[in-house]
Amino acid sequence: MERIRVIIMGAAGRDFHVFNTCFRNDASYQVVAFTAAQIPNISGRDYPAELAGPLYPAGIPVWPEAELPSLIAAYDVRQVIFAYSDISHLNLMHIASAILAAGADFRLAGPLSTMLHATKPVISVCAVRTGAGKSQTTRYITSLLQEKGKRIVVVRHPMPYGDLLRQRCQRFATLADLDLQRCSIEEREEYEPHLNAGTVVYAGVDYEAILEEAQQEADILVWDGGNNDFPFYQPNFHIVVADPLRPGHEISYHPGETNLRMAAAVIINKTNIAAVAAISEVEDNCRRMAPQAAILHAASILHVENESLLQGKRVLVIEDGPSLTHGELPYGAGVIAAQQYGAQIIDAKPFAVGSLRDTYAAFPHLEQALPAMGYGSAQLADLSATIENCPCDLILSATPIDLRRVLSIAKPLLRVRYDLKEVSGPSLSSLLERFF
């Protein structure tokens with residue numbers, strides 16, 4: 001019987017997980033290619049044979065998403081599986097329409113097909129959009145659990161942008177592990193705050209292998225979601241963060257709406273900086289889509305190093321990259337802090353070089369802030385040169401990491417960090433008590 005030829009569309013994350021859980025050992029299908037989007041420089045490589053299994057002795061190539069129509073024709077592809085996150089419902093259906101017009105079926109792989117089951121309890125923290133505040137929420141929940149004497153291991157949504165075989169199952173316990181495993185800025189932004197709090201983090205490519213390792217050293221696993229994707233592990237308690245700075249997005253982006261509909265608890269974050277009408281709109285949508293969920297309001301509290309130094313200064317604001325790019329936020333905590341403390345924000349666009357110039361061209365909504373793009377050494381060099389070019393008195397860095405660990409920065413740098421503060425609704429502590 002001829003195998004059904006399949007392409008999996010992805011961004012070096014869920015695509016590999018969908019292959020591992022749905023296709024790796026199924027001889028009725030032949031995955032002929034992955035395609036790559038959102039993240040720079042992740043196409044042009046192979047999913048290695050050692051990870052792909054005996055049905056794929058040559059591995060599987062990864063092509064740019066722009067090649068998809070020609071790949072469908074060249075390989076006589078019958079099914080295309082969409083497997084990445086943070087895309088509007090409208091754009092998702094444009095992609096589906098193009099695939100259908102090329103003659104292939106369009107598919108999504110759901111939770112029952114892709115969620116793995118742990119032997120330890122799993123709490124998942126996910127979101128309706130990138131940049132809603134998952135990381136601060138995960139840190140807060142982890143601290144609550146540790147106060148109860150629980151051994152916590154965080155398993156982070158995949159970010160395998162380098163050597164896939166080396167990244168099959170990664171364990172991070174110290175900051176030195178980040179250097180040892182050659183982590184990008186984007187990976188460091190997710191791992192470093194947990195490590196600073198003394199929490200072990202796992203990530204990688206093969207989440208079945210990761211699960212086997214991680215659950216050996218934990219009482220509870222905390223799934224730290226990426227973008228607005230839903231968990232790879234079946235959660236016992238599913239927490240979803242919503243963002244009233246982008247009202248309506250909770251019901252108009254994939255798979256954020258899926259997360260919302262599955263939620264046991266929804267945290268409407270950033271209520272200290274969002275408009276009352278926007279908060280009300282988000283809450284109405286959450287109650288309509290997830291009537292079973294507890295609704296909490298939270299604030300995203302800024303902490304600025306030496307804030308008195310900002311008054312009247314010219315500052316370059318650096319923000320978390322993915323939140324500003326495919327997350328579509330025009331700015332983040334850094335711009336808010338600069339405005340709050342009377343600094344003059346220097347527009348970095350005229351001083352951008354190389355790939356940073358391309359980033360601004362690709363995301364014209366960006367205003368004022370410089371996204372901390374650092375997916376590889378060339379992009380790190382472009383980021384460093386852009387920072388050096390910018391005529392400023394200070395750098396205000398609102399990424400979750402200390403950029404001075406990965407870049408040589410001569411100019412004075414102040415860091416902005418942000419923590420979750422519960423405002424109203426049932427407390428997370430009480431909800432976790434019910435979970436226990």
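**Cavities and cysteines: a quick chat**

Q: Hi! How do the residues lining the largest cavity divide into nonpolar, polar and charged?
A: In this predicted model, the lining of the largest cavity has 22 nonpolar, 16 polar and 11 charged residues.

Q: Nice. What volume does the largest cavity have?
A: About 710 Å³.

Q: And which residues are closest to its centre?
A: Those are Thr130, Gly131, Glu190, Asp320 and Ser323, out of 49 that line the largest cavity.

Q: Which elements give two or more residues to that lining?
A: Four helices and two strands do: helix 6 (134-147), helix 8 (185-196), helix 12 (321-324) and helix 13 (333-340), along with strand 16 (294-304) and strand 17 (314-320).

Q: How many cavities of 30 Å³ or more are there?
A: The count is 5. The second largest cavity holds about 60 Å³ of space.

Q: What lines the second largest cavity?
A: Its lining includes Arg14, Phe82, Tyr84, Asp229 and His254. By class, that lining divides into 8 nonpolar, 1 polar and 2 charged residues.

Q: Changing topic: how many disulfides does the structure hold?
A: It holds 0. Take Cys126: the nearest cysteine sulfur belongs to Cys286 and is 14 Å away, whereas a disulfide needs the two sulfurs within 2.5 Å.

Q: Is Cys126 buried or exposed?
A: Cys126 counts as buried, because its relative accessibility is 0%.

Q: What about Cys183, where is its nearest cysteine sulfur?
A: That sulfur is on Cys169, 13 Å away, and Cys183 is in no disulfide either. Cys183 is buried too, with a relative accessible area of 9%.

How values were computed
Residues numbered from 1 in each chain as written. Predicted model: local features only at pLDDT ≥ 70, side-chain atom pairs only at ≥ 80, totals over all residues. Heavy atoms only, no water. Buried < 20%, exposed > 50% of the residue type's maximum accessible area, 1.4 Å probe, protein only. 1 Å grid on protein atoms, 1.4 Å probe; cavity = no way out; pocket = protein on both sides within 12 Å on 5 of 7 lines; lining within 4 Å. Points joined across faces, edges and corners; volume = space filled by probe spheres on them. Nonpolar A, V, L, I, M, F, W, Y, C, P; charged D, E, K, R; others polar.
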